[in-house]
Amino acid sequence: MQPSVKPANPNFSSGPCSKRPGYSVNQLVIDTLGRSHRSALGKKALEAACVETAELLGLPAGYRVGVVPGSDTGAVEMALWSLLGPRPVDVMAWESFGSGWVSDILQELKLKDVRKFVADYGTLPDLSAVNFHHDVVFTWNGTTSGVKVPNGDWIAADRQGLTICDATSAVFAMDMPWEKLDVVTFSWQKVLGGEGAHGMLILSPRAVERLESYTPPWPMPKLFRMTKGGKLVEGIFKGDTINTPSMLCVADYLDALAWVRSIGGLSAAIARSNANLAVLEDFVAKTPWIHFLAKNQAERSNTSVCLTLDVTEAQVKSIIKLLEQEKVAFDVGAYRDAPPGLRIWCGATVESADLTALLPWIEWAYQQVTAA
Ligand SMILES: Cc1ncc(COP(=O)(O)O)c(C=O)c1O
């Protein structure tokens, strides 16, 4: 029987992710639009984006937060291009985005003293093999496999290298051990349901020290330049962006931050993701034909939840099509490089009630497709 109740919001994409509950573009504060981003008004909004991010995340004193071009990719590549070179590099990957950073380091930067630790979809590489005298590059949550690092216990507190972490699908959903992370990047379009195009770059004092003491041998595009005359351009981390940002996206991000504050801050946002994952865990536990792609429970993502089904690839496609046709779930197919299956976003902007409403539809679609 076709279920009768549909999710009020069928947006379960893993990026751009669903807007927050109650979102309306009409509520955005848009007095910055049509003005210079370097006007007092524009700069105030950009600075607020940095300051409020730091406050809500509870960043340690001395950590910088900047708005940079190019979404999360821009923030990661800016860090790789600016910081890598003086030490050997350990890079880890267990899905497609992490593999992209491996390729940046080996094929583009052509660094020689590199160890890569790669695991297949569903697992993590051996974290205990990492050498923290080296610079270490990794993804906190592998968005396309639904596998995250379980915590930061494996990261050396007394490391000599820098830890550079792409945490785009983790920040505002998972506890981050900031003191153990020297560079953290994320994009507004993930957990907060903001817009793409801009990235957030968080730097520890040790990362700043590296920027000020090391000049890479390769040419640095203007978009990546964070120092001038061997000193950090502090303005970038106070709202004085490298180039022109979208002030509409900034207004949208400030709205998302205000929403996080209104629900009780970071811990409330994390709790919402955990509750969403719990809904799917109950479903998987009682449904014999659906499984987490993540092999270990402690490594299971509470944002990009990846599921495999005991059906053919063609049947998975049919299930996804049915869910879309019925307007109960949009964009829930596994990423193009990942094993076939469903990927259901569980970040804070998704309502548990909508996931609960979706599950009978997944069962229904499975019955339709397997009976056909
Ligand atoms: C882990 C990870 N890194 C990088 C990216 C690229 O992000 P963006 O498109 O915001 O640059 C994504 C996007 O899904 C991601 O999941």
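**A guided look at the ligand site and its surroundings**

Visitor: Which residue shares a polar contact of 3.4 Å with the side chain of Q189?

Guide: This is a predicted model, in which local features need pLDDT of at least 70, side-chain atom pairs count only at pLDDT 80 or more, and totals for chains, interfaces and linings use all residues. Residues are numbered from 1 along each chain as its sequence is written, and side-chain values use heavy atoms, with hydrogens and water left out. A polar contact is a pair of N or O atoms within 3.5 Å, where within protein one must be able to donate a hydrogen and the other to accept it, and residues adjacent in sequence count only if both atoms are side-chain atoms. The side chain of Q189 is joined by such a contact of 3.4 Å to that of K190.

Visitor: Is Q189 buried or exposed?

Guide: Q189 is found in the loop between β8 (183-187) and β9 (198-203), where strands (E, at least two residues) and helices (H or I, at least four) are DSSP runs, numbered from the N terminus. Buried means under 20% relative accessible area, exposed over 50%, and partly exposed in between, with a 1.4 Å probe and protein chains only. Because the relative accessible area of Q189 is 12%, Q189 is buried.

Visitor: How does I30 count in terms of relative accessibility?

Guide: The place of I30 is in the segment before α1 (40-57). Its relative accessibility is 44%, and therefore I30 counts as partly exposed.

Visitor: How far is a nitrogen atom of the ligand from an N or O atom in the side chain of D166?

Guide: Among the 14 residues around the ligand, those that come nearest are S71, T73, T143, D166 and K190, a residue being near a molecule or strand if one of its heavy atoms lies within 4 Å of it. An oxygen atom of the ligand lies 2.5 Å from a polar side-chain atom of S71, and an oxygen atom of the ligand is 3.2 Å from a polar backbone atom of D72. For D166, the distance between a side-chain N or O atom and a nitrogen atom of the ligand is 2.6 Å.

Visitor: Which element gives the largest share of the shell around the ligand?

Guide: The elements that give two or more residues to this shell are α2 (71-83) and α3 (96-108). The largest share, 3 residues, comes from α2.
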